[in-house]
Amino acid sequence: MALKATVFKVELDIADMDRHYYQQHALTLAQHPSETDERMMVRLLAFALNASDSLAFSKGLCVDDEPELWDREPSGEIRLWIEFGQADEKWLRKAAGRAREVQLFAYGGRSVPIWWHQNAQALERYRNLKVIEIPEAQVKAMATLVGRSMKLNCSINEGQIWLSNESDSVLIEPVVLKPSLQ
């Protein structure tokens, strides 16, 4: 018998001083049975950093030719394609060819520098790709905020992100491994 996704309801208040974006989002996140709380929170962080009226979670891990998070034009053109983890270069090439901008949120602790060393040279050619590392301790701290129903505040200022609920706050300081050259 196949396991079903766990559904999380999130009220996310975003105050992004870097982009001058201030909005509340009511989100429903489906956590695949194989997905950890850490990975789900990295997805939520990526949403907060790129939030817009048209940014949406796709069918995710179940669909091979879509990103898990994307922003599409009304015409169907993909404005932003967001990936997670330590993606394969071939997959990122496909994304870079289909979208105006691609972001990869890399996480996984000590394995990220190894992955980056093996892939950095190949990924340099993709001008529309940005690679962002979320440090392991910060990913683990974000996971402590997980609940089936979450009310989270996200404040973004000068590249620092504070993610908090009623009782706890987490400081996230992403490391840009590769900026987009567009």
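A strand, like a helix, is a run of residues assigned by DSSP, and such elements are numbered from the N terminus. With that in hand, we can walk through this structure, which is a predicted model, beginning with a loop between two strands.

Histidine 20 sits in the loop between E1 and E2. The two strands on either side of this loop, E1 with residues 6–16 and E2 with residues 21–31, run antiparallel and are joined by 11 bridges. One of the pairings to look for is that of isoleucine 14, whose bridge partner in E2 is glutamine 23. Together E1 and E2 make a hairpin that has four residues between its strands. Within that turn, histidine 20 has a positive phi of about 55 degrees, although this residue is not a glycine. Because its relative accessible area is 64%, and exposed means over 50%, histidine 20 counts as exposed.

From this turn we can step to a part of the chain that is distant in sequence, since the C-alpha atom of histidine 20 is separated by 9.8 Å from that of asparagine 157, even though the two residues are 137 residues apart along the chain. Asparagine 157 belongs to strand E8, which covers residues 149–157. Once neighbours within four places in sequence are left aside, asparagine 157 is in contact with Met17 and Asp18. Its relative accessible area is 39%, and asparagine 157 is therefore described as partly exposed.

Asparagine 157 also leads us into a second hairpin, as its bridge partner in E9 is glutamine 160. E8 and E9 run antiparallel, and five bridges join them. In this hairpin there are two residues between the strands, and glutamate 158 takes a positive phi near 55 degrees. Glutamate 158, which lies in the loop between E8 and E9, is a residue other than glycine, and with a relative accessible area of 70% it is exposed.

Following the chain onward, we find that E9 is joined by four bridges to strand E10, residues 169–172, and that these strands run antiparallel as well. Here isoleucine 161 stands opposite isoleucine 172 in E10. E9 and E10 form a hairpin, with four residues between them.

We now turn from strands to a helix. Helix H2 spans residues 89–98, and its buried residues are Glu89, Leu92, Ala95 and Ala96. These residues lie on the same side of H2, because they cover an arc of only 120 degrees around the axis. The face turned away from this buried side carries the exposed residues Lys90 and Gly97. What do the buried residues of H2 pack against? Their partners are strand E5 (78–84), strand E6 (99–106), helix H3 (111–123) and strand E7 (129–133).

The start of H2 deserves a closer look. There, a side-chain oxygen of aspartate 88 reaches to within 3.1 Å of the backbone nitrogen of lysine 90. Glutamate 89, which lies in helix H2, has a relative accessibility of 12% and so counts as buried, given that buried means under 20%. If residues up to four places away in sequence are not counted, glutamate 89 touches Asn119, Ala122, Leu123, Arg125 and Tyr126.

A buried residue can also be found in a loop, and serine 58 is an example, lying between strand E3 (55–57) and strand E4 (69–72). Its relative accessibility is 18%, which means that serine 58 counts as buried. The side chain of serine 58 reaches the backbone oxygen of proline 67 at 2.2 Å. Apart from neighbours within four places in sequence, serine 58 is in contact with Glu66, Pro67, Glu68, Leu69 and Trp70.

Finally, we can consider the space that the protein atoms leave open. Rolling a probe the size of a water molecule over the atoms shows where empty space is left. The largest pocket has a volume of about 290 Å³. Of the 15 residues that line this pocket, the closest to its centre are Leu49, Asn50, Lys130, Ile132 and Ile156. The elements that contribute two or more residues to its lining are helix H1 (37–50), E6, E7 and strand E9 (160–164). Several of these elements have appeared earlier in our walk: E6 and E7 are among those that the buried residues of H2 pack against, while E9 is joined by bridges to E8.

Conventions:
Residues numbered from 1 in each chain as written. Predicted model: local features only at pLDDT ≥ 70, side-chain atom pairs only at ≥ 80, totals over all residues. Heavy atoms only, no water. Buried < 20%, exposed > 50% of the residue type's maximum accessible area, 1.4 Å probe, protein only. Arc of directions from axis to C-beta. Contact = heavy atoms within 4.5 Å. Polar contact = N/O pair within 3.5 Å; in protein donor to acceptor, adjacent residues only side chain to side chain. Pairing = 2+ DSSP bridges. 1 Å grid on protein atoms, 1.4 Å probe; cavity = no way out; pocket = protein on both sides within 12 Å on 5 of 7 lines; lining within 4 Å. Points joined across faces, edges and corners; volume = space filled by probe spheres on them.
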